[in-house]
Amino acid sequence: MKVTRAVLPFLPLCQSLLPSRLAGMSMTLLKATALDLAILAGHLLLYPSGITQERRDTAPALPAPDTAQLPTEAKPPVVLLHGFIDNRSVFVLLRRNLAQHGRHQVESLNYSPLTCDIRTAAELLARHIEEICERTGSKQVDIVGHSLGGLIARYYAQRLGGDIRVKTLVTLGTPHSGTRVAPLMNAHPIVRQMRPGSDVLEELTQPAPGCRTQFVSFWSDLDHLMDPLETACIDHPDLLAHNVRVSGIGHLALPVHPAVAAGIRQALDTAQTGAETAARTGGLTVA
């Protein structure tokens, strides 16, 4: 799938803003950078709309009866969890995509931009998940977490017993092993927790026998916020984890690009076989 032509006007902007860094870059990387800039510009316009928590129905959404079809197992609600200094508006396109393909219970959660501890955020997530399960009547949920959101959700599933509630956790550009990018941001406590060797990440390397959640991590070979790139992969002997490589887009495009959305749907619908198939075929190429 080719990157849309709409980002091509941003290529001269990239070259003018970052001439030294872009001098040796390939056209693929230039397009990925331009696409990230275009997405950032659009997201800044949408950001105010996602500051408040979304309204939720007080009663579970029930499917319309269809006597012509055999009963099928209901799909669990999907919970979308954003990244650092972001909000639920980042998932506008992904949410629409999931709804168009049969996921009618999709909820986006906000956590405070002042959040300073991954453990505390995971505890708050646990309360939200319990409320969602009680309200919808579902015993489990699926979670899609972008960047830091994936790390919060993983801590909940792996360390707080959330595996009983989380059927599948899909992470998008999440620094599972820590990232070294932007060292000047170390003043923020939660950024320090995303560094290699932090106490939180060390906890996630500890044994997790019997963890029932299926993990699928999407990582991009052009993700400028992951250093090293493979930090967005999950490597743990006790976890049912599969890593899917995405080629041709950057960090901000992961929750937006339609090809990634299709991969997410496949991961949620057929968590194990779908991820294994994608991995065997080289992952997703979108540029």
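Is C211 buried or exposed? I looked this up first and noted that C211 is buried, at 9% relative accessibility. The model I am reading is predicted.

**Cysteines**

I went on to C116, which is partly exposed with a relative accessible area of 39%. I then looked for disulfides, and the count comes to zero. The cut-off I applied is a pair of cysteine sulfur atoms within 2.5 Å.

**The whole protein**

I listed the secondary structure and got 10 helices and seven strands. The protein has 287 residues, and 49% of them are buried. I also looked up the contacts with a separation of 6 or more: 81% of these are between residues 24 or more positions apart.

**Helices α4 and α9**

I took α4, residues 92–100, and α9, residues 258–269. These two helices pack at an angle of about 50°, and their axes are 10 Å apart. That angle makes α4 oblique to α9. I noted the crossing of α4 and α9 as right-handed. Which residues of α4 meet α9? I found L94, N97 and L98 on the α4 side, and they meet A261, I264, R265 and L268 in α9. Sorted by class, the residues of this contact of α4 with α9 are five nonpolar, one polar and one charged.

**Helices α5 and α6**

Next I took α5, residues 118–136, together with α6. I put α6 at residues 148–159. The angle between α5 and α6 is about 75°, with the axes 8 Å apart. I therefore entered α5 as roughly perpendicular to α6, since 65 to 115 degrees counts as roughly perpendicular. On the α5 side the contact is made by I118, R119, A121, A122, L125, A126, I129 and E130. On the α6 side I listed L148, L151, I152, A153, Y155 and Y156. By class, the contact of α5 with α6 has 12 nonpolar residues, no polar ones and two charged ones.

**Backbone entries**

Where is S147 found? I located S147 in the loop between β3, residues 141–146, and α6. S147 has a positive phi of about 55°, although it is not a glycine. I checked its accessibility too: S147 is buried, with a relative accessible area of 10%.

I85 also went into the notebook for its phi, which is near 50°, a positive value in a residue other than glycine. I placed I85 in the loop between β1, residues 78–81, and α4.

I looked at the peptide bond from D227 to P228 and recorded it as cis, with omega near 5°. P228 is found in the loop between β5 and β6, where β5 spans 214–220 and β6 spans 240–247.

**S217 in β5**

I then turned to S217, which is found in strand β5. S217 is at 0% relative accessibility, so I entered it as buried. What does S217 touch, leaving out residues up to four places away in sequence? I listed T171, H176, A232, C233, I234, H242, N243 and V244. For one of these, A232, I looked up the C-alpha to C-alpha distance from S217, which is 7.0 Å. In sequence, S217 and A232 are 15 residues apart.

Definitions and conventions: Residues are numbered from 1 along each chain as its sequence is written. This is a predicted model: local features need pLDDT of at least 70, side-chain atom pairs count only at pLDDT 80 or more; totals for chains, interfaces and linings use all residues. Side-chain values use heavy atoms; hydrogens and water are left out. Axes are lines fitted to C-alpha atoms, for helices over the stretch in contact, and angles run from 0 to 180 degrees between N-to-C directions. Helices (H or I, at least four residues) and strands (E, at least two) are DSSP runs, numbered from the N terminus. Angles under 35 degrees count as roughly parallel, over 145 as roughly antiparallel, 65 to 115 as roughly perpendicular and the rest as oblique. A crossing is left-handed if the near helix is turned anticlockwise from the far one by less than a right angle, and right-handed if clockwise. Contact means heavy atoms within 4.5 Å. Ala, Val, Leu, Ile, Met, Phe, Trp, Tyr, Cys and Pro count as nonpolar, Asp, Glu, Lys and Arg as charged, and the others, Gly among them, as polar. Buried means under 20% relative accessible area, exposed over 50%, partly exposed in between (1.4 Å probe, protein chains only).
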